[in-house]
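Okay, thanks for coming, everyone. I'll just talk through one structure today, so have a look at it on the screen.

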Amino acid sequence: MDTTRPMTRSPVALARKAAQLAAQKLPAYSSRFSRKDFTQHQLFALMVLATDLKTDHRGIVAIVSDWSDVREALGLKKVPHPTTIYKAPQRL
């Protein structure tokens, strides 16, 4: 298959690229009063990863808690609560 854009099958590479693209377009936090536990870049990357893996907010939390490579690639110090990922699209 010949495409004009590079494709990847790696969830880690996808999460890294999504966070990189989000960093170019989104501010790190939605407000200066944000808790600063997770950046908008990290939450966007998790939403993209959830869409790619065809899972919901609870599923992506379970996946991220198991995959240390994804946590490391996104710079997550802790795993977000499912509600955090559920409410992220409203802020983005």
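So, where is the place of phenylalanine 38? It sits in the loop between helix 1 and helix 2; helices here are DSSP runs of H or I with at least four residues, numbered from the N terminus.

Before going on, a word on what we're looking at. This is a predicted model, where local features need pLDDT of at least 70 and side-chain atom pairs count only at pLDDT 80 or more, while totals for chains, interfaces and linings use all residues. Residues are numbered from 1 along each chain as its sequence is written, and side-chain values use heavy atoms, with hydrogens and water left out.

Back to phenylalanine 38. Buried or exposed? It's buried, because its relative accessible area is 14%, and buried means under 20%, with exposed over 50% and partly exposed in between, using a 1.4 Å probe and protein chains only. Leaving aside neighbours within four places in sequence, phenylalanine 38 is in contact (heavy atoms within 4.5 Å) with Tyr29, Leu43, Leu76, Lys78, Val79, Pro80 and Thr84. Its C-alpha atom is 9.3 Å from that of glycine 75, and those two are 37 residues apart along the chain.

Next door, threonine 39 lies in that loop between helix 1 and helix 2 too. Threonine 39 has 16% relative accessibility, so it counts as buried. With neighbours up to four places away set aside, threonine 39 contacts Ala28 and Tyr29.

Now the two helices themselves. Helix 1 and helix 2 pack at about 140°, axes 8 Å apart; axes are lines fitted to C-alpha atoms over the stretch in contact, and angles run from 0 to 180 degrees between N-to-C directions. The pair is therefore oblique, which is what's left after under 35 degrees (roughly parallel), over 145 (roughly antiparallel) and 65 to 115 (roughly perpendicular). On the helix 1 side, the residues include Leu14, Ala18 and Ala22, and on the helix 2 side, Phe44, Val48 and Asp52 are among them.

Last, the core. The largest nonpolar core, meaning buried Ala, Val, Leu, Ile, Met, Phe, Trp, Tyr and Cys residues joined through side-chain atoms within 4.5 Å, has 19 residues. Among those with the most contacts inside it are Leu46, Ile60 and Ile85. Helix 2 gives the largest share of this core, six residues. And isoleucine 85 touches Leu46, Met47, His57, Ile60, Val61 and Pro80, not counting residues up to four places away in sequence.
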